[in-house]
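Student: Could we go through this model together, taking each label and asking what earns it?

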Amino acid sequence: MLKIATFFVFMCLSIQVSAQDELESHLKSDYMAMLKRYHAYSKRSNDAGIDLRFVRIAIEPDMNNGAIIAGKVDFKFVSKLNYTFLELDLRKELIVDSVRYHGNKLFFVHTSDHLLRINFTSSLPANTLDSVSVYYHGNPDMSTRAYSRNVNISGPNISTLSQPYGAHYWWPCRENLIDKIDSLEVLLTVDTPYYAVSNGKLLNVETIGAKRTFQYSHSYPIATYLVAVSFSKYVKYSEQMTLGSTGENLELIHHVFPHNDNIDNRNRTAATKPIMHLFDSLFGEYPFADEHYGHAQFSWSGGMEHQTMSFMTNFNYDLVAHELAHQWFG
């Protein structure tokens, strides 16, 4: 209990110090340069008047070089105004093959500043559920951790970390924190030796030839930057627990690089259960109790609190507690 209390005092002090430092930075001569760099990664698409209800992401990566062989994103949305266009964010390194609306191809413009503007043949009907699909492929810019490929002892690992505005490095999206996606489905196709991980429940794994497609479904509202995928030759194991707040069962799922699957790491991941018990008693029911909570190792340092599935460089106690706490506090 003392360790957890210390943890949150540290977080509050860090926030206070960070806010103070940010205020002071306004007085520095290089403030405008910093602001310019920040805006280089901020949202570009127009976020007014569109309410995303559902997104389905389907991608197939090349584990040998990180390229996205095939990608498709389906959007279901409600337009609050009579728009004649839809704007999405997508890096220019990714090539848009086509945009389809009710089965018909639409004209689009993919600008040099990474904006994808889709033009409809007539005004969208306001307050009506509508849909559009974007087909794409290409070689993502891997100079940032938004989408990256790394090789460890167990082989290649492709993973994403989109915080704060990096999702458009690997899928067409709306890079903003205003409109959460109401529900999400992710279809990941990869060569059979590899395992694919994303947000939410794993509904199905379909094997076709030498490839497997993993189907994930997440039924909670989610911000764009928390959508995540990872591919590796994972060892997967899980454990069951009962939430004290509700008496309901919850599965804890862990995806570990094969060379890190040892007694020490299994003991470290086992600490997730008592930490979950503590947070569940302090903060209330785990927010995604109808699905699960889990970890997936990735090759970047630290961790990232992707909704229902935190990506972790290791399973140190403090890091496990930190990323799990984010599931309540964002």
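Tutor: What follows sets computed values against the definitions behind the terms.

Tutor: This is a predicted model, in which local features need pLDDT of at least 70 and side-chain atom pairs count only at pLDDT 80 or more, while totals for chains, interfaces and linings use all residues. Residues are numbered from 1 along each chain as its sequence is written, and side-chain values use heavy atoms, with hydrogens and water left out.

Student: How do you know that the span of helix 5 agrees with what is expected?

Tutor: Helices are DSSP runs of H or I with at least four residues, strands are runs of E with at least two, and both are numbered from the N terminus. The expected span is 1.5 Å times one less than the number of residues; for the 13 residues of helix 5 (residues 317-329) this gives 18 Å, and because the end C-alpha atoms are 18 Å apart, the two agree. Just after helix 5, Gly330 has a positive phi of about 70°.

Student: What makes the buried residues of helix 4 lie on the same side?

Tutor: Buried means under 20% relative accessible area, against over 50% for exposed and in between for partly exposed, with a 1.4 Å probe and protein chains only. In helix 4 (residues 272-283), the buried residues are Thr272, Ile275, Met276, Phe279 and Asp280. They cover an arc of only 135° around the axis, taken from the directions from the helix axis to the C-beta atoms, and therefore sit on the same side of helix 4.

Student: Why is a set of residues called a nonpolar core?

Tutor: The term applies because its members are buried Ala, Val, Leu, Ile, Met, Phe, Trp, Tyr and Cys residues joined through side-chain atoms within 4.5 Å. The largest such core has 60 residues, and Val55, Phe75, Phe77, Ile118, Trp171 and Phe231 have the most contacts inside it. Strand 1 (residues 50-61) gives the most to this core, with five residues. Apart from it lies another core, of 22 residues, among them Met241, Phe279, Met312 and Ala321.

Student: What makes strand 3 and strand 6 the edges of their sheet?

Tutor: Two strands pair if DSSP finds at least two bridges between them. Three strands form an open sheet in the order 3-7-6, with antiparallel pairing. Strand 3 (85-89) and strand 6 (107-110) each have a single partner strand, so one side of each is left without a neighbour in the sheet.

Student: How do you know that strand 3 pairs with strand 7?

Tutor: Five bridges join strand 3 to strand 7 (residues 115-119), which satisfies the requirement of at least two. One of the bridge partnerships is that of Leu88 with Leu116 in strand 7.
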